[in-house]
Amino acid sequence: MDKDIELYPFEVQNVEHNVKEIPKGVQMIQAPMYWERGNNGKGIKIAILDTGCDKNHPDLKERIIGGKNFTKDDNEDPDIFNDYNGHGTHVAGTIAASKNDNGVIGVAPEADLLILKVFGAEGDVESNWITDALNYAIEQKVNIISMSFGSKVSDELMHQAIKRAVEKNILVVCAAGNDGDKNPMSEEFRYPGAFNEVISVGAIDFSGRFADFTNTNKEVDLVAPGVDILSCYPKDLSEDPKIPYKKLSGTSMSTPHVTGALALLINHCQSKKEFNRSLTESELYAQLVKRTIPSEYYKNTYEGNGFLYLTATEMLEEFLKSHPVNLEQYQ
């Protein structure tokens, strides 16, 4: 067991029941504006490498298209990917929960989820499980891979698998980590989030200020909501028979906001006539960066390109309409 690889929930809060709302983080990144245009993540396949998932959760059961267990849980049965921790179900909910009469809705509520279980019930994990899951995700031709965990030690085989995924135009989204010391100018590294090839995500709260726990380093690409995030939780882990939801904090919670947003962006770019083709991984990353807003307070070691705001390009267009640039004065 590799004890150095850790999940990134910084704080777990109370169980919520009979929830009926769009979570604040989903609203904050402007996901509902994309739903109104018909961009819901439909047809986008997302691999979640985590603790598994409650495949019977009412908000998720229609979104899960399959899964595989890479751990020793359930006698190593590859077809059983139950979540005995809660972390993976919470991440999955933020990405793609489909709203019912009661429940939450994820960023990309029509995306397809491939659940790849790499953490066991006791938090046990081995780096080769992760590498094997990455290779499996590549074989399954997913569009996006989401990983909300990390290690202070770099693993070369894992890194090579990530490189292969990116070469196949698969977007790899990773949590930056929760080792932050409240100083935006210092650097704390966790892998795979610190690999240059991945999209590394830090955390902010609902006021837009950076979370005390979030890692800061030169590899952070952007930040997203990661404090008091409401999402799905396995029913079997609650003493209450009602379907539970929980609020968690951590860069584990900011990462799925970006993962879901990328699914919406792929839909958006596919629908735009000027492209007339599928965009490459680097082109999609550029589209993501266009939809960030830099803050006034922090250097890029904290926030990278800024915080995720899916309508940022529309805001810029409106500004330019009201503040036209006269290029003749520069000639």
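Me: Which residue just after α5 takes a positive phi?
Reply: This is a predicted model, and in it helix α5 covers residues 127-139. Just after that helix, a positive phi of about 55° is taken by K141.

Me: What span is expected for helix α5 at 1.5 Å a residue?
Reply: Helix α5 has 13 residues, and from its first C-alpha to its last it reaches 19 Å. That reach is close to the expected span, which is 18 Å.

Me: Which helix is among the elements that cover the buried residues of α5?
Reply: The buried residues of α5 include W129, I130, L134 and Y136. What covers the buried residues of this helix includes the strands β4, β5, β7, β8 and β9, and also a helix, residues 156-167, which is α6.

Me: Is D73 buried or exposed?
Reply: D73 is found in helix α3, which runs over residues 73-76. Leaving aside its neighbours within four places in sequence, D73 is in contact with Y84, K117, G120 and A121. Because buried means under 20% relative accessible area, and the relative accessible area of D73 is 11%, this residue counts as buried.

Me: Which helix gives the largest share of the largest nonpolar core?
Reply: The largest nonpolar core has 52 residues, and those with the most contacts inside it include L113 and I46; L113 also touches I46 itself. The largest share of this core is nine residues, and these come from residues 251-271, which form helix α7.

Me: How many residues are in another core, apart from it?
Reply: Apart from the largest core lies another one, and among its residues are V118, A133, I138 and V166. Of these, A133 and I138 are also buried residues of α5, and the number of residues in this other core is 31.

Terms used
Residues numbered from 1 in each chain as written. Predicted model: local features only at pLDDT ≥ 70, side-chain atom pairs only at ≥ 80, totals over all residues. Heavy atoms only, no water. Helix = DSSP H or I, 4+ residues; strand = E, 2+ residues; numbered from the N terminus. Expected span 1.5 Å × (residues − 1). Buried < 20%, exposed > 50% of the residue type's maximum accessible area, 1.4 Å probe, protein only. Contact = heavy atoms within 4.5 Å. Core = buried A, V, L, I, M, F, W, Y, C linked by side-chain atoms within 4.5 Å.
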